[in-house]
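Q: Please take a close look at one part of this model, the metal site and its surroundings. What holds the site together, and what lies around it in the rest of the model?

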Amino acid sequence: MQEYKFQGQYHLRKVFQEDLRRAVSNLEYDLLVPIPVTDHTMKTRGFNQVTGLLEGLHYTELLVHKNKQKEAQSKKDRHSRLQTKQPFTIKQSSDLYGKTVLLVDDIYTTGRTLYHAAALLHEVGCNRVQSLSLAR
Amino acid sequence: MKLDELYGRRVLFPQVDSFPLNDSRLQALPTLRVTSKNIICLRCGTVSNKSVVAMPRDQYYCPECITLGRVSTLDKFYHVQEPNQFVIPEQILTWTGQLSSLQATTSEIIRDRMERHCRQLLWAVTGAGKTEMIFAGIAAALSRGERVAIASPRVDVCLELYPRLQAAFANFPIALLHGREKQKYQYAQLTICTTHQLLRFYHAFDNLIVDEVDSFPYAANRALLYATENAIKPDGGLLFMTATPGKELIHQIQQKKLLVSYLPLRYHGHLLPQIKIHLAFNWRKHLLQRRLPARLIKELRLTLAHHHCLLFVPHVADLQPTFLALQRVFPKIKFTTVHAADPKRLEKVQSMRAGKYQFLITTSILERGVTFPEIDVFVLGADDQVFSSSALVQIAGRAGRSLKRPTGKVNFWVNSYNRRVREAQRQIAYMNTKGRRLTNG
Ligand SMILES: [Zn+2]
């Protein structure tokens, strides 16, 4: 995972895809939603490590980062991560009422990321929000 | 970051961010070349299939040299052309040793070719004293204000070279670069590094020396060969050194792309001990019943009466059975086994050197670099494919290293007489023929 995410070896996504696919297939949902990365991460890492793992599955990139955060999540310490305000916004909120959403993240760190994302989805009317992360 | 860290180097930096330094000499260079089907890494030369290394938004990266930081189309290299900005001390060479007349002749040839920035090979037998022979060439280059590096594929060779070079060029700060230690990079006129570190340099060196070129992982690694070419200035010189040149180098000599100087005699002026072959059909099967070839035991006994020795076996799994078989034969003799991942490896080598062990049973890790004086050498299973012909020549070269006992026994036991064993014998015979010609005038 270190090699995949932080060294940027995008080809290693294939190694984890099978595990994730199996985990996803055991759950019921209407929408499969990956946690997004910042625009800066896209321009340095070059990929969203979560969507890389979801390749081949039908997913919806519903969430985006609100403002251009300079620092990536992983560079902050635990305390400052817990302090963070809602970092996400919804791309389009139509048709979300009553839906069951499965949120996917690559690494479960503080749970704050998933908490914020879930809170936002509940706000716009989603019925149930479940989450899944590949590694802790 | 200081600007001089970019002299003759390429530093990766994201295109989206602004580089922390501003200087008119700063150049931004591309990292990859993208063709219709492939991408070519400009750091290591690796060609990758576009579809394999594609990221979203038409971005690409090189999977080969990733441990030094990922090269991708999202980044640029920042580089400053090597300015040779050095303060040259008055006294350059602080080495006071003496070369033999044969060494001195070779040393002069090398110095002359380094001055003309030639591509050359020093083919010197094991124990010829090649490091001392390049001091004159390095000293002359440094006095001309040139930037010089000595690179080796092996960290242990770098670590061994560093104190010797630092003593010989005491007035120069030397940069020692290898992956095992996180030492901060320093711009220096003289650099010692692993060949892997050459990937970070770009048109830096006026003269580059690559020691032990035949050893892993350099010999067959295209990325490292590419990095070597890139690290030298376009008009720079290159000196390869080895006791056992592989096919590729010999081919380059034949094509006259590489000048060669031979040193077929050891520093003490004696020939290399030739390998003696003994057949030991199915030795491993017998070994499992704790039986070793009778001749091996006889030769070991003869050696151990007056000398110490190394007994090489092909695999780690062969160590213990060999140890047990010999324990029965030599209950009173102190010996042990050692291999690459052995946590007590350094300790055991040290004890062997101190004479606490009379012999070591070892895998090929002790094939080069490590010197025990006055030993004999035995190899059980020399025809196993783990031993390349150059490894076998290196192993044979462990014997007869000292002036007190310049000869020594080299005995190999094999299942069958194969190409690699024959090639090793041929290389030793070749150097000895040249050596004999020198001593006989
Ligand atoms: Zn590369």
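A: Here is a walk through the metal site, followed by a neighbouring topic in the same loop, the chain contact and two backbone details.

The model is predicted.

Start with the metal. The zinc ion is coordinated by four sulfur donors: the SG atoms of Cys41(B), Cys44(B), Cys62(B) and Cys65(B). Their distances run from 2.3 to 2.4 Å. The angles subtended by the four donor atoms span 106 to 114°, so the arrangement is tetrahedral. The cut-off asks that all angles lie between 85 and 135 degrees. For four tetrahedral donors, the ideal angle is 109.5 degrees.

Along the chain, the donors are spaced as C-x2-C-x17-C-x2-C. Two of them show what the site joins. Cys41(B) belongs to strand S4 (residues 38–41) of chain B, while Cys65(B) sits in the loop between strand S7 (59–60) and strand S8 (75–80), so this pair ties together parts that are 24 residues apart in sequence. Cys41(B) and Cys65(B) are both buried.

The loop between S7 and S8 of chain B also holds Ser72(B). Is Ser72(B) buried or exposed? Its relative accessible area is 0%, so Ser72(B) counts as buried; the cut-off for buried is under 20%. The side chain of Ser72(B) reaches the backbone nitrogen of Leu74(B) at 3.0 Å. Leaving aside residues up to four places away in sequence, Ser72(B) touches Thr31(B), Leu32(B), Met55(B), Tyr60(B) and Tyr61(B).

Now the contact between the chains. Chain A and chain B each bring 13 residues to it. Together they bury about 1,200 Å², with 56% of that area on carbon and sulfur atoms. Six residue pairs are in polar contact between chain B and chain A, both residues being at pLDDT 80 or more. The rule finds zero salt bridges across this interface.

Last, the backbone. Most residues other than glycine have a negative phi. His117(B) has a positive phi, near 55°, and is not a glycine. His117(B) lies in the loop between helix H1 (101–115) and strand S9 (119–124) of chain B. Asn282(B), also not a glycine, has a positive phi of about 60°. Asn282(B) is placed in the loop between strand S16 (276–279) and helix H6 (283–288) of chain B. With a relative accessibility of 31%, Asn282(B) counts as partly exposed.

Terms used
Residues are numbered from 1 along each chain as its sequence is written. Chains are lettered from A and ligands numbered from 1 in the order in which they are written. This is a predicted model: local features need pLDDT of at least 70, side-chain atom pairs count only at pLDDT 80 or more; totals for chains, interfaces and linings use all residues. Side-chain values use heavy atoms; hydrogens and water are left out. Donors are N, O and S atoms within 2.8 Å of the metal (3.2 Å for Na, K and Ca); water is not among the atoms, so sites may look incomplete. Four donors count as tetrahedral if all angles lie between 85 and 135 degrees; four count as square planar and six as octahedral if opposite donors are over 155 degrees apart and all others between 65 and 115; anything else is irregular. Helices (H or I, at least four residues) and strands (E, at least two) are DSSP runs, numbered from the N terminus. Buried means under 20% relative accessible area, exposed over 50%, partly exposed in between (1.4 Å probe, protein chains only). A polar contact is a pair of N or O atoms within 3.5 Å; within protein, one must be able to donate a hydrogen and the other to accept it, and residues adjacent in sequence count only if both atoms are side-chain atoms. Contact means heavy atoms within 4.5 Å. Buried area is the accessible area (1.4 Å probe) that two parts lose on being put together, summed over both. A salt bridge is a side-chain nitrogen of Lys or Arg within 4 Å of a carboxyl oxygen of Asp or Glu.
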